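The following exercises concern the place where two protein chains touch. Please study each task before reading its solution.

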Amino acid sequence: MRGYAGKFLEIDLSTQSSRETHFPDDILRTYLGGRGLGVKILWDRLGRRWSSIDPLGPDNLLLFLTGPLTGYFPGGRTCITGKSPQSNGAVGSTVAGEFGIELKCAGYDGIIFSGVSDRPVYVLVFDDQVIFKDAQHIWGMCGQETLRAITSESRKIVQGLKPSLGELIEPSTLYIGPAGERKIRIAAVMAKWSHAAGYGGYGAVMGSKNLKAVVAKGTGPLPDTANMPSALTLIERICKACYKNDKFRRWGTGYLGYEVGAQTSSEPVRNWQEEWHDERSFGVDRFEQRVWIKRYWGDFGCPTTCLKLASPKAGQYKGAITDNPDYEIQAYQGTNLGIFTPEGNVYLSSLVDDLGICGIQGGNVMGFAAELFQRGILTSEDIGFDLRWGDVDAFAALSKKIAYREGIGDILAEGTYRAAEKISEMKGVDVLKYAVQSKGIGIGAHGIRSKLDYPIDISYACSTQGGDHTSVALLPVDAGNSELTLALHDSGVYCWFNMFETPDPLLWELLQAVTGWDITREEWYNSSSRKIITIQRVLLLLGGPDVAWSPDVHDENPPRFYEPLPTGPKSGMKVDRDAFLKTKKEYYETLGWDEKGIPKPETLAKLGLGELAQAIKSLK
Amino acid sequence: MLAPGAEIPHFCAQCHDHPCLESCPTQAISVSNDTGAILVDKERCTACGNCIDACPGRIPHIHPTENYSLICDLCRGDPQCVKVCKEGGWNALWIAPAPESYSYRLYAKKPEELTKELLINLFGEKGLELI
């Protein structure tokens with residue numbers, strides 16, 4: 001078993017005890033790690049009573065997993081999974097940063113948290129030692145403060161345990177902000193100041209377990225590879241390929257905030273009422289010249305360096321500091337709220353990061369609330385102030401209300417779908433038609449109406465991760481952006497962005513050089529990835545206890561996507577429902593699922609997933 | 001020079017939608033097939049100045065002695081400005097491939113805007129007072 005540290009850490013928070021666990025080679029070969037392995041573990045341990053498990057209750061598991069390529073493929077990430085409080089299925093949510101690499105250097109491939117602590121704690125993994133630390137004094141702190149406190153504390157602990165280390169790079173931390181502590185369903189697990197694992201809402205799961213942070217520091221080398229000389233050459237070739245990605249290197253994804261609106265007409269504007277804008281004030285040149293304070297910055301071993309540091313240098317938002325908002329955050333904390341100034345966008349972005357709210361889900365639910373205000377369904381008495389498009393201060397106040405569950409924030413904290421249901425009940429008007437989400441997860445900022453962006457009409461409706469734009473259903477299923485491919489990136493646990501210019505064969509060669517297994521493209525697309533997606537689909541449909549998705553009703557685009565685009569060169573375009581139904585049927589057939597998207601028994605037999613048969617019977 | 005110390009080179013951004021081309025009443029402006037640069041036909045140009053107004057960066061200007069408009073033609077694919085900048089050791093200019101991207105046309109800006117942005121970048125809000 002090469003490429004793996006070989007052992008996983010199992011931590012029971014109820015008793016504050018830890019032990020090592022192992023998984024057999026054949027499971028690791030099939031599911032690799034990260035999202036794939038996480039889904040397998042969840043199915044094995046919770047699958048039989050899935051629909052009765054409360055995602056925010058003590059029975060849920062919380063998994064922090066690495067993959068075989070974490071640390072080798074440029075751009076390391078960590079995959080976080082468990083039963084999602086948003087979709088009530090299993091979502092593989094990944095976050096950038098060195099945590100995964102530190103963990104592997106410490107000798108573990110992942111951490112499985114179970115139980116719930118009776119008081120706030122944080123866990124420090126230093127090589128083979130697991131230390132539980134009281135987090136009473138950190139509980140309630142915002143992101144940047146938390147990180148500062150935990151870093152200095154854990155640095156002292158590590159130096160105390162091994163004084164010979166001397167000065168060391170700070171341990172890597174995954175933490176939650178006040179939003180996660182209050183179990184809001186749109187809370188993210190944060191890393192550094194503004195990296196977030198947002199989709200799935202695992203910040204709330206961490207909060208429900210009273211787990212403020214997980215810290216890792218490893219002094220060992222990364223695990224051995226099967227063929228080191230070959231792996232090194234391949235890493236070099238991948239880096240060289242990444243250097244070709246001019247736009248990402250120069251601007252990060254930040255250039256899309258203007259381009260996706262102006263060029264492809266697929267950017268959310270005012271809660272998706274429009275998808276086109278030509279606001280030059282939101283162009284990347286403004287970000288570059290007005291707010292950037294650092295140009296090239298990457299996490300460990302990343303050649304793309306799509307990260308920029310941003311801080312407004314003048315005006316009322318002077319001093320707010322964050323990573324330059326990437327495209328998703330530009331769209332959701334900017335155009336979706338009617339904000340078209342870099343300074344406002346950077347300020348809101350730094351605020352939601354500090355509070356620990358997922359920028360995408362937070363922007364989605366705030367846009368939804370602002371549309372209800374525009375339509376007079378929510379009034380300033382309900383909200384406490386006027387919530388007009390483009391009013392940065394109002395949205396800042398609203399995000400604080402959401403994070404601390406005050407007033408209307410308590411309802412919006414439940415995410416767009418659940419908030420829409422509650423407000424419909426409260427006001428007696430159907431507001432679900434204004435909610436742009438799929439299966440409880442707000443839709444990523446890549447629209448499907450203009451047909452110029454990468455997702456297609458079934459992308460969100462048929463995805464096993466709801467509105468996740470990094471896991472979209474596509475035909476053919478082995479396309480570069482499809483869910484089956486992205487399951488590979490999330491299971492190998494590395495950055496998808498570094499695959500954009502990398503020729504596909506290099507990835508498979510590296511996987512073989514690192515693990516020593518002759519995993520091929522065919523094996524992945526015909527067997528392994530289908531297993532992962534099929535289990536995820538079954539878990540999603542099992543759902544429960546508070547929501548259950550019916551394939552007839554919920555395998556559907558949000559109503560907004562059937563309305564024609566009102567502005568821009570693509571105005572008038574909308575999703576054609578008949579074509580959508582046809583593509584949906586074709587997609588399910590390709591994966592061996594029936595017309596409702598429930599896996600057929602013969603498919604299960606072929607994939608060797610016989611144990612799912614019982615669960616499927618209950619779905620019918 | 002709009003503010004002391006804030007000197008900025010000012011170049012054609014090679015917009016992909018060519019607002020200057022559309023504004024020309026005499027069809028004197030064309031796009032080079034080889035380099036994609038803007039070419040001005042000296043004979044046809046009447047020096048009306050429409051292209052100057054149409055350009056988001058106010059790049060074209062009228063020749064000081066003759067009657068035609070000057071726009072960067074990339075020196076037939078071998079820009080001399082890049083050469084001297086490299087020779088001088090400044091390396092502030094380089095030849096970049098032009099991918100199909102709307103973002104590049106955002107860099108077509110008037111000198112006043114460029115100066116303002118540079119000053120804010122350097123001095124924060126104090127920069128505004130210097131203009």
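**Exercise 1: A salt bridge between the chains**

Task. Identify the partner of Asp278(A) in a salt bridge and state how far apart the closest N and O atoms are.

Solution. The model is a predicted one. In it, Asp278(A) pairs with Arg105(B) in a salt bridge, and their closest N and O atoms lie 3.5 Å apart. The cut-off for a salt bridge is 4 Å. Between chain A and chain B the count is four salt bridges.

**Exercise 2: The side of chain A that touches chain B**

Task. Determine which elements of chain A give two or more residues to the side that touches chain B.

Solution. Step one: the elements are helix H8 (246–251), helix H9 (256–262) and helix H10 (284–291) of chain A. Step two: H10(A) provides the largest share, six residues. Step three: by kind, the residues on this side of chain A are seven nonpolar, four polar and twelve charged.

**Exercise 3: Two helices across the interface**

Task. Describe how H10(A) is placed relative to helix H4 (residues 111–123) of chain B.

Solution. Step one: the two axes come within 7 Å and cross at roughly 40°. Step two: H10(A) is therefore oblique to H4(B). Step three: from H10(A), Arg286(A), Glu288(A), Gln289(A) and Arg290(A) meet Glu113(B), Leu114(B), Glu117(B) and Asn121(B) of H4(B). Step four: the residues of this contact comprise one nonpolar, two polar and five charged.

**Exercise 4: The extent of the interface**

Task. State how many residues of each chain are in contact and what area is buried.

Solution. In chain A, 23 residues are in contact with 19 residues of chain B. Together the chains bury about 1,900 Å², with 50% of it on carbon and sulfur atoms.

Definitions and conventions:
Residues are numbered from 1 along each chain as its sequence is written. Chains are lettered from A and ligands numbered from 1 in the order in which they are written. This is a predicted model: local features need pLDDT of at least 70, side-chain atom pairs count only at pLDDT 80 or more; totals for chains, interfaces and linings use all residues. Side-chain values use heavy atoms; hydrogens and water are left out. Contact means heavy atoms within 4.5 Å. Buried area is the accessible area (1.4 Å probe) that two parts lose on being put together, summed over both. A salt bridge is a side-chain nitrogen of Lys or Arg within 4 Å of a carboxyl oxygen of Asp or Glu. Helices (H or I, at least four residues) and strands (E, at least two) are DSSP runs, numbered from the N terminus. Ala, Val, Leu, Ile, Met, Phe, Trp, Tyr, Cys and Pro count as nonpolar, Asp, Glu, Lys and Arg as charged, and the others, Gly among them, as polar. Axes are lines fitted to C-alpha atoms, for helices over the stretch in contact, and angles run from 0 to 180 degrees between N-to-C directions. Angles under 35 degrees count as roughly parallel, over 145 as roughly antiparallel, 65 to 115 as roughly perpendicular and the rest as oblique.
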